[in-house]
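Let's take a walk through this protein together. Have the viewer ready, and we will go from one contact to the next.

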Amino acid sequence: MPTLLEEKPDLSVEDTYKHEDDSIRLTQDDLTELTLNNQVSIREYCRQVPMVGVKTTCGEAASILSQEQKYPCVVLGDDQNRPLGLLMRETLYRILNGRFAADLFYRKSISHVADSSPVVVDVLAAAPEVIDVALSRSEEHFYDCIIVTEENRLLGVLTMRDLMSLSRRMQHEAGKERIHTITESQKEISRIHESITKLVQSAGKTGEDAKQIIQLSEQGASSLMQVEASYNRVHQHMGGQRQHANDMLTSIETGAGMAHSIRSLADQSALLAMNASIEAAHAGEYGRGFQVVASEIRALAKQTREVAGDMSSLLEGIGELTRQTVELVRASAAEIDDSSVHVTEGSAAFNRLNSAVEGMLHIAANIAEEGKQTGEVADYIRKKLDSMISGGEL
């Protein structure tokens with residue numbers, strides 16, 4: 001009777017890998033996070049196992065496994081070292097340790113009992129993907145080894161213990177990456193908190209500046225209102241002056257008319273005096289006294305005519321100066337009207353400036369308030385990150 005395997009496993013398959021099963025069952029979130037750090041190669045965890053041909057019997061495979069207890073399985077392959085199937089040690093134990101199993105299977109090819117559809121992965125496959133494939137297998141083959149190939153040729157296998165070690169290392173690497181990420185986030189949050197603090201301070205300074213601008217603007221608007229009131233008073237005074245100048249010009253024109261009348265009277269008096277002199281000469285000795293009176297009247301008429309002429313010239317000069325004064329007053333009034341328009345526009349501009357600065361002050365106050373709240377949130381996040389790093393909550 002063919003000999004059976006010299007050593008039998010002390011534990012069943014389920015007992016052998018029970019402690020491994022609890023650690024290897026990662027969640028999808030864990031696999032997603034592990035994918036972020038895909039620098040762990042499965043090559044480091046591959047273990048060598050013998051490859052046998054399709055003609056190898058179960059007894060020969062049992063002999064191979066009995067000689068090397070470290071081999072968890074044998075791989076069925078072709079002459080080019082390409083895997084075709086997988087036979088686990090525990091599977092071969094169950095087959096050959098039956099009452100009549102040895103006679104039935106000992107001389108048969110292992111191709112009859114090997115798994116013809118094992119999980120085969122390339123050595124360049126991502127470790128999280130390999131773990132995901134291992135976890136998605138059926139219960140029947142859940143503890144079978146995973147065959148690793150390189151350029152379609154056998155490189156080695158991964159046991160559940162290897163996958164557990166691989167996942168533990170990946171979790172460790174992911175933990176370090178998480179710590180690094182949280183540390184960098186904590187630094188960034190600190191920088192954000194510092195920036196927000198400066199922003200709040202700048203907003204407060206802007207608010208103070210805005211208040212000063214409003215105060216200066218109100219003072220400027222008040223000054224412009226006073227200037228506008230002064231312009232209005234000057235404009236009224238110049239209107240009165242222009243009316244007075246017009247009245248004066250009218251009076252001068254009246255005076256010039258009177259001077260012209262006086263000159264006419266003087267001419268008429270001189271003519272009468274001349275006639276009187278002629279008549280006095282005709283009277284002879286009797287008209288000599290009247291001759292003297294006529295001469296005096298003629299001299300007085302001449303002086304009156306000269307005074308009237310001088311008064312007319314003077315009145316014409318005064319009238320010309322008065323007309324120039326009226327024109328200057330009219331031009332000054334026009335300038336004051338234009339300046340008053342500019343003063344009004346300046347006052348309106350100050351009002352708009354006040355409204356704009358008040359809006360800016362409101363915005364600065366909102367920024368300061370929002371920044372304060374954001375700073376409190378950032379400080380809370382920073383403290384939580386500090387506690388996570390120091391307290392080992394990762």
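A good place to begin is a meeting of two helices: C58, A61, A62 and L65 in α4 meet R89, L92 and L96 in α5. Sorted by class, this contact of α4 with α5 has 6 nonpolar residues, 1 charged residue and no polar ones. Please keep in mind that you are looking at a predicted model.

How do the two helices lie against each other? The axes of α4, which covers residues 58-67, and α5 come within 11 Å and cross at roughly 125 degrees. An angle between 115 and 145 degrees is neither roughly perpendicular nor roughly antiparallel, and α4 and α5 are therefore oblique to each other. As for the hand of the crossing, α4 passes α5 in a left-handed one.

Now turn to the strands around this part of the chain. An open sheet is built from 3 strands in the order β1-β2-β3, and its pairing is mixed. At its edges are β1 (51-52) and β3 (83-88), each of which pairs on one side only. Helix α5, made of residues 89-96, packs on this sheet and touches β2 and β3. The direction of α5 makes about 65 degrees with that of β3. Within the sheet, β2 (residues 73-77) pairs with β3 in the antiparallel sense over 5 bridges. If you would like a spot to zoom in on, find V74, which stands opposite L87 in β3.

Further along the chain there is another sheet to explore. Here 3 strands form an open sheet, ordered β4-β5-β6, again with mixed pairing. The edge strands are β4 (120-122) and β6 (153-158), and each of them pairs on one side only. On average, and with direction ignored, neighbouring strands of this sheet are turned by 35 degrees against each other.

What makes the pairing mixed? As a reminder, strands of a sheet pair through backbone hydrogen bonds, either parallel or antiparallel. In this sheet, β4 and β5 (residues 146-150) run parallel and are joined by 3 bridges, whereas β5 and β6 run antiparallel and are joined by 5 bridges. You can follow the parallel pair at D122, which stands opposite T149 in β5. For the antiparallel pair, look at I147, whose bridge partner in β6 is V157. The hairpin of β5 and β6 has 2 residues between the strands, and in this hairpin E151 takes a positive phi near 55 degrees.

Finally, a word on how far to trust the picture. The protein chain has a mean pLDDT of 78, and 86% of its residues reach 70 or more. Over residues 1-38, however, pLDDT stays under 50. The model has 64 contacts beyond four places in sequence for that stretch.

How values were computed: Residues are numbered from 1 along each chain as its sequence is written. This is a predicted model: local features need pLDDT of at least 70, side-chain atom pairs count only at pLDDT 80 or more; totals for chains, interfaces and linings use all residues. Side-chain values use heavy atoms; hydrogens and water are left out. pLDDT is the predictor's confidence in each residue, from 0 to 100. Contact means heavy atoms within 4.5 Å. Two strands pair if DSSP finds at least two bridges between them. Helices (H or I, at least four residues) and strands (E, at least two) are DSSP runs, numbered from the N terminus. Axes are lines fitted to C-alpha atoms, for helices over the stretch in contact, and angles run from 0 to 180 degrees between N-to-C directions. Angles under 35 degrees count as roughly parallel, over 145 as roughly antiparallel, 65 to 115 as roughly perpendicular and the rest as oblique. A crossing is left-handed if the near helix is turned anticlockwise from the far one by less than a right angle, and right-handed if clockwise. Ala, Val, Leu, Ile, Met, Phe, Trp, Tyr, Cys and Pro count as nonpolar, Asp, Glu, Lys and Arg as charged, and the others, Gly among them, as polar.
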